Amino acid sequence: MIGLKNRVVLLIGILACMASFICAAPFAKKIEFVQPDGTQIELWGEGDEFYAVFETLDGYTVTFDEALKGYVYAALSADGSQLVPTALEVGKGDPQTLGLAKHLRITPEARQRQVLERLRKWDDATGTTKRW
């Protein structure tokens, strides 16, 4: 029979695992967006609030350009640590002309750093770990 101390440790472990799944809100769905010039585009997005990837329905990775307030096709940085915006707006040209590959992803290490940084910012804003 499992002792009380072992039960408590087991329960804490189970709750910790559940918390990691509960704190993120995963999604995978089509998303309609209107570009600043009125062009309607449809993207596929998947991820959660700490890391997400968006692509055109034909598989080209895109990123949101803050200055433009719209989506542009993305290239991968030389070291693979970030998606770099191109000048080509989604819906306004052919990404093949830029020689872009489909389904671009940053390295797993870069992804982990991004997730941890966003989690830290989220935790600083919410104070979750300070309360527990």
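These legends accompany several close-up views of a predicted model.

**View 1. A salt-bridge network joins Asp37, Glu89 and Lys92.**
Start with the pair Asp37 and Lys92, whose closest N and O atoms are 3.2 Å apart in a salt bridge. This pair brings together distant parts of the chain, 55 residues apart: Asp37 comes from the loop between strand E1 (27-34) and strand E2 (40-47), and Lys92 from the loop between E6 and helix H2 (108-126). Asp37 is partly exposed, at 41% relative accessibility, and Lys92 is partly exposed as well, at 47%. Glu89, the other member of the network, belongs to strand E6 (residues 83-89).

**View 2. Here are the surroundings of Glu89, a residue of strand E6.**
Is Glu89 buried or exposed? Glu89 counts as buried because its relative accessible area is 18%, and the cut-off for buried is under 20%. Leaving aside residues up to four places away in sequence, Glu89 is in contact with Gln35, Leu68, Tyr71, Val72 and Tyr73. One of these contacts, Tyr71, returns in the aromatic views below.

**View 3. Arg105 and Glu55 form a salt bridge.**
The closest N and O atoms of this pair are 2.9 Å apart. Again, distant parts of the chain are linked: Arg105 sits in the loop between E6 and H2, while Glu55 is in strand E3 (residues 52-56), and the two are 50 residues apart. Look at the setting of each partner in turn. Arg105 is partly exposed, with a relative accessible area of 35%, whereas Glu55 is buried, with a value of 7%.

**View 4. Within helix H2, Glu117 pairs with Arg120.**
How far apart are the closest N and O atoms of the salt bridge between Glu117 and Arg120? They are 2.5 Å apart. Both residues lie in helix H2 and are three residues apart, about one turn of the helix. Glu117 is partly exposed at a relative accessible area of 33%, and Arg120 is partly exposed at 39%. For your bookkeeping, the count of salt bridges comes to six. As background, side chains of opposite charge can pair when their charged atoms come close.

**View 5. Phe33 and Tyr71 meet edge-to-face.**
There are seven aromatic pairs in the whole structure. In the pair shown here, the ring centres of Phe33 and Tyr71 are 4.9 Å apart and the planes stand at 90°, so the arrangement is edge-to-face. Phe33 belongs to strand E1 and Tyr71 to strand E5 (residues 70-76), so the pair ties together parts that are 38 residues apart in sequence. Phe33 is partly exposed at 22% relative accessibility, while Tyr71 is buried, with a relative accessible area of 13%.

**View 6. Tyr71 also forms an aromatic pair with Phe54.**
This pair is tilted, with 6.2 Å from centre to centre and 50° between the planes. Phe54 in strand E3 and Tyr71 in strand E5 are 17 residues apart, and their pairing links distant parts of the chain. Both Phe54 and Tyr71 are buried. Step back from the two rings and a cluster appears: ring pairs link Phe27, Phe33, Phe54, Phe64 and Tyr71.

**View 7. The largest pocket has a volume of about 410 Å³.**
Which residues lie nearest the centre of the largest pocket? They are Ala52, Thr63, Leu83, Gln114 and Arg118, out of 16 residues that line the pocket. Two or more lining residues come from each of E3, strand E4 (61-65), E6 and H2. By class, the lining has 10 nonpolar, four polar and two charged residues.

**View 8. Lys69 and His103 sit in loops, the former between E4 and E5, the latter between E6 and H2.**
Take a look at the backbone here. Phi of Lys69 is near 65°, a positive value in a residue other than glycine. Phi of His103 is near 55°, and this too is a positive value in a residue other than glycine. Lys69 is partly exposed, with a relative accessible area of 49%, and His103 is partly exposed at 48% relative accessibility.

Terms used:
Residues are numbered from 1 along each chain as its sequence is written. This is a predicted model: local features need pLDDT of at least 70, side-chain atom pairs count only at pLDDT 80 or more; totals for chains, interfaces and linings use all residues. Side-chain values use heavy atoms; hydrogens and water are left out. Helices (H or I, at least four residues) and strands (E, at least two) are DSSP runs, numbered from the N terminus. Buried means under 20% relative accessible area, exposed over 50%, partly exposed in between (1.4 Å probe, protein chains only). Contact means heavy atoms within 4.5 Å. A salt bridge is a side-chain nitrogen of Lys or Arg within 4 Å of a carboxyl oxygen of Asp or Glu. On a 1 Å grid over the protein atoms alone, a cavity is a set of points where a 1.4 Å probe fits but cannot get out, and a pocket is an open set with protein on both sides within 12 Å along at least five of seven lines; lining residues have an atom within 4 Å of a point. Grid points are joined across faces, edges and corners, and a volume is the space filled by probe spheres set on the points. Ala, Val, Leu, Ile, Met, Phe, Trp, Tyr, Cys and Pro count as nonpolar, Asp, Glu, Lys and Arg as charged, and the others, Gly among them, as polar. Rings of Phe, Tyr and Trp (its six-membered ring) pair if their centres lie within 6.5 Å; planes under 30 degrees apart count as stacked, over 60 as edge-to-face and the rest as tilted.
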